[in-house]
Amino acid sequence: MLRNMEMEFEEILQVIEDNDSQFLFLGIGNTSDEFYEYSHTTINIIGFLDNDVKKQGTVFHNINIKGIDSSILGKKIIITSNAYYKELKKQLIGLGLHFNKDFFYYRDMVPFISYKKNKEVWLDQVDITIT
């Protein structure tokens with residue numbers, strides 16, 4: 001198990017450190033705004049996606065919000081919604097995308113972005129089980 005976690009960490013870190021990686025944020029709201037402010041100087045954010053047709057066509061951080069279509073393929077997606085995380089994850093898997101390869105949850109990305117920015121890891125949450 002620990003070996004798999006180490007491999008996964010290295011693979012995700014490689015995605016973050018690859019300057020050619022292009023990221024789309026999925027689920028636009030307060031969380032995506034805060035995460036954008038934290039990460040936009042570290043990763044290449046090229047667009048915003050939302051399933052809400054009322055948000056599609058509007059502008060967020062000077063970039064038009066779009067719906068999900070085939071243009072997302074080949075880009076990395078970060079789910080930035082807490083409220084709809086499970087539904088969005090299911091939707092992306094239904095499109096043939098793979099979790100922690102093609103798309104990520106923003107809370108899982110914080111330590112990697114922190115490492116790239118500061119060469120230190122900042123953890124958003126630590127769970128401890130005492131047995």
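Colleague: In which loop is the place of Asn100?

Modeller: The model discussed here is predicted. Two elements frame the position: one is the helix α3, residues 85-94, and the other is a strand. The place of Asn100 is in the loop between α3 and β6.

Colleague: What is the phi of Asn100, and is the residue buried or exposed?

Modeller: Asn100 is not a glycine, yet its phi is positive, at about 65°. For the second part, the cut-off for a buried residue is under 20% relative accessible area. Asn100 has 17% relative accessibility, so it counts as buried.

Colleague: How many helices and strands does the protein have, and in what pattern?

Modeller: The secondary structure comes to four helices and six strands. Along the sequence, the elements begin and end with a helix. The full pattern reads α-β-α-β-β-β-β-α-β-α.

Colleague: What is the order of the strands in the sheet?

Modeller: The six strands form an open sheet, and their pairing is mixed. β3, residues 59-60, and β6 stand at the edges with a single partner strand each, so one side of each has no neighbour in the sheet. Read across, the order is β3-β4-β2-β1-β5-β6.

Colleague: In which sense do β1 and β5 pair, and over how many bridges?

Modeller: Two residues of β5 have named partners on this side: Phe23 stands opposite Lys76, and Phe25 stands opposite Ile78. Strand β1 covers residues 22-26. The two strands pair in the parallel sense, over four bridges.

Colleague: Which residue in β6 is the bridge partner of Ile78?

Modeller: β5 also pairs with strand β6, residues 103-105. This pairing is in the parallel sense and runs over three bridges. In β6, the bridge partner of Ile78 is Phe104.

Colleague: Which residues of β5 point one way, and which the other way?

Modeller: In a regular strand the side chains alternate between the two faces of the sheet. Strand β5 covers residues 76-79, and the four residues are all buried. Lys76 and Ile78 point one way, and the other way point Ile77 and Ile79.

Colleague: Is Ile45 buried or exposed, and with which residues is it in contact?

Modeller: The place of Ile45 is in strand β2, residues 44-49. Its relative accessible area is 11%, so Ile45 is buried. Leaving aside neighbours within four places in sequence, Ile45 is in contact with Phe23, Phe25, Tyr36, Ser39, His40 and Ile63.

Colleague: What distance separates the C-alpha atoms of Ile45 and Ile77?

Modeller: Ile45 belongs to β2, whereas Ile77 belongs to β5. Along the chain the two residues are 32 residues apart. Their C-alpha atoms are separated by 9.5 Å.

Colleague: Which residue in β4 is the bridge partner of Leu49?

Modeller: Strand β2 has β4 as a partner, and the two pair in the parallel sense. Two bridges make up this pairing. In β4, the bridge partner of Leu49 is Lys66.

Colleague: Which residue in the turn between β3 and β4 has a positive phi?

Modeller: β3 and β4 run antiparallel and are joined by two bridges, and in β4 the bridge partner of Val59 is Asn64. The two strands form a hairpin with two residues between them. One residue in the turn is partly exposed, with a relative accessible area of 25%. The residue with the positive phi, about 50°, is His61.

Colleague: What is the radius of gyration of the protein, and does it agree or disagree with that of a compact globule?

Modeller: The C-alpha atoms fill a box of roughly 50 × 30 × 25 Å along the principal axes. For 131 residues, a compact globule would have a radius of gyration near 14 Å. The protein agrees with this, at 15 Å.

Colleague: What percentage of the residues is buried?

Modeller: Of the contacts with a separation of 6 or more, 54% come from residues 24 or more positions apart. The accessible surface comes to about 8,400 Å², and 50% of it belongs to carbon and sulfur atoms. Among the 131 residues, the buried ones make up 37%.

Colleague: How far apart are the mean positions of the positive and negative charges?

Modeller: The protein has 14 positive and 19 negative charges. A mean position is taken for the positive charges and another for the negative charges. These mean positions are apart by 4 Å.

Notes. Residues are numbered from 1 along each chain as its sequence is written. This is a predicted model: local features need pLDDT of at least 70, side-chain atom pairs count only at pLDDT 80 or more; totals for chains, interfaces and linings use all residues. Side-chain values use heavy atoms; hydrogens and water are left out. The radius of gyration is taken over C-alpha atoms; the globule rule is 2.2 Å times the number of residues to the power 0.38. Buried means under 20% relative accessible area, exposed over 50%, partly exposed in between (1.4 Å probe, protein chains only). Contact means heavy atoms within 4.5 Å. Accessible areas come from the Shrake-Rupley method with a 1.4 Å probe; for residues, only the protein chains shown count as cover. Lys and Arg count as positive and Asp and Glu as negative; His and the chain ends are not counted. The place of a charge is taken as NZ of Lys, CZ of Arg, CG of Asp or CD of Glu. Two strands pair if DSSP finds at least two bridges between them.
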